[in-house]
Amino acid sequence: MRRRMAAALVTLLCLVALSGCQTEVGEGLTVTVLDVGKADCIVVQEMAGGTLIVDTGTEESADTMLSFLDRQGIEKVDLLILTHMDKDHIGGAAALLEAMPVERVLQANYDKDSDESAAYYAALAQAERTPERLSQTTELSLGKAEIRVIPGRQDTYEQSNDYSLMTELQYGTRRFLFAGDAERERLQEYLDETPQQFDFLKVPHHGGKEKNSALFFAAVSPAYAVITCSQEEPADEEVLALLKQTGARVYQTVDGTVTARCDGRGLAVQQ
């Protein structure tokens, strides 16, 4: 009973916050972190500028992604960012490319021999799209959203997760960071660049702990943090504790899809 009452209170507070996050017709930013298990699929809708997807989950969860896009009335994707080539990040890419036009594709600058990778490249060829393999920081815009995609500094990494592209997005005064599966080495590269603080963080590597996790969370200091995880593979308890120490409100997709809405000033998150 107490848990149900607490959940109802959180929902009410979110609705109150959303009522104060007013946007003009055709304006506003929505970030949806889909519940696709221990995998990443993030849909960013800039109402006047189009749709960005960061990672596509697994092959098995592709229907979840496509069903969401259909419910939202999304018929094309303006920008697809694949942070790295692991199957829990590119698994749904082939299905997405087959289902609708994808105008621009950015990916990490390496290849991985896997069935998911082969399906992705075949779908790219069928769609007559050439991915941009990032070796330098790339800046672009989506409507009023300013986006900065940051690749790793090295040509090769021991851990495939450390190839992860890290994506910063600014909308008005609010800042979002999608950190892929960055592990210790990649996090240190990012820390060496003296990162700014962010309002919203997609926590790296499904909430796994690294030796420099505490330094990373302190540096980016998110107000909201979302962990993509599952019942079978939950977030590390130390990571949850570290995030709470920074003052972040933590959400886990094992409890359901997470949605953030922003008008450039206000930011409201609900699950």
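A search of the whole structure, which is a predicted model, finds 14 salt bridges. Three of these pairs are set out below, with the closest distance between nitrogen and oxygen given for each.

| Positive residue | Negative residue | N to O distance |
|---|---|---|
| Lysine 38 | Glutamate 233 | 3.4 Å |
| Arginine 133 | Aspartate 111 | 2.9 Å |
| Lysine 209 | Glutamate 238 | 4.0 Å |

The side chains of lysine 38 and glutamate 233 meet in a salt bridge, and this pair links distant parts of the chain, with lysine 38 in the loop between strand 1 (29-33) and strand 2 and glutamate 233 in the loop between strand 12 (224-227) and helix 8 (237-245), 195 residues apart. Lysine 38 counts as partly exposed, at 31% relative accessibility, and glutamate 233 is likewise partly exposed, with a relative accessible area of 40%.

In the salt bridge of arginine 133 with aspartate 111, the two residues are 22 residues apart, arginine 133 being in strand 6 and aspartate 111 in the loop between strand 5 (105-108) and helix 5. Arginine 133 has a relative accessibility of 33% and therefore counts as partly exposed.

Glutamate 238 forms a salt bridge with lysine 209, and here too distant parts of the chain are linked, since glutamate 238 belongs to helix 8 while lysine 209 lies in the loop between strand 11 and helix 7, 29 residues apart. Glutamate 238 is partly exposed, with a relative accessible area of 46%, and lysine 209 also counts as partly exposed, at 35%. Elsewhere, salt bridges that share partners join Glu139, Arg148 and Glu168 into one network.

Arginine 175, found in strand 10 (residues 174-178), is a charged residue without such a partner. This arginine 175 is buried yet has no salt bridge, and the nearest side chain of opposite charge, that of glutamate 168, is 4.2 Å away; a salt bridge requires a nitrogen within 4 Å of a carboxyl oxygen, so a separation of 4.2 Å does not qualify. Leaving aside neighbours within four places in sequence, arginine 175 is in contact with Glu168, Leu169, Gln170, Gln196, Gln197, Phe198, Asp199 and Phe200.

Cysteine 41 lies in strand 2 (residues 41-46) and counts as buried because its relative accessibility is 0%. Not counting residues up to four places away in sequence, cysteine 41 touches Thr32, Val33, Leu34, Val36, Val54, Asp55, Thr56, Gly57 and Met65. The C-alpha atoms of cysteine 41 and glutamine 72, 31 residues apart along the chain, are separated by 15 Å.

Helix 6 (residues 184-192) and helix 7 (residues 213-220) pack at an angle of about 35 degrees, with their axes 10 Å apart, and their crossing is left-handed. The contact is made by Leu187, Tyr190 and Leu191 on the side of helix 6 and by Leu215, Phe216, Ala219 and Val220 on the side of helix 7. By class, this contact has 7 nonpolar residues, with no polar and no charged residues.

Two loop residues have a positive phi. Glutamate 128 has a positive phi of about 55 degrees although it is not a glycine, and its place is in the loop between helix 5 (115-126) and strand 6 (132-134). At 69% relative accessibility, glutamate 128 counts as exposed. Threonine 194, also not a glycine, has a positive phi of about 55 degrees and is found in the loop between helix 6 and strand 11 (200-202). With a relative accessible area of 64%, threonine 194 is exposed.

Notes: Residues are numbered from 1 along each chain as its sequence is written. This is a predicted model: local features need pLDDT of at least 70, side-chain atom pairs count only at pLDDT 80 or more; totals for chains, interfaces and linings use all residues. Side-chain values use heavy atoms; hydrogens and water are left out. Axes are lines fitted to C-alpha atoms, for helices over the stretch in contact, and angles run from 0 to 180 degrees between N-to-C directions. Helices (H or I, at least four residues) and strands (E, at least two) are DSSP runs, numbered from the N terminus. A crossing is left-handed if the near helix is turned anticlockwise from the far one by less than a right angle, and right-handed if clockwise. Contact means heavy atoms within 4.5 Å. Ala, Val, Leu, Ile, Met, Phe, Trp, Tyr, Cys and Pro count as nonpolar, Asp, Glu, Lys and Arg as charged, and the others, Gly among them, as polar. Buried means under 20% relative accessible area, exposed over 50%, partly exposed in between (1.4 Å probe, protein chains only). Lys and Arg count as positive and Asp and Glu as negative; His and the chain ends are not counted.
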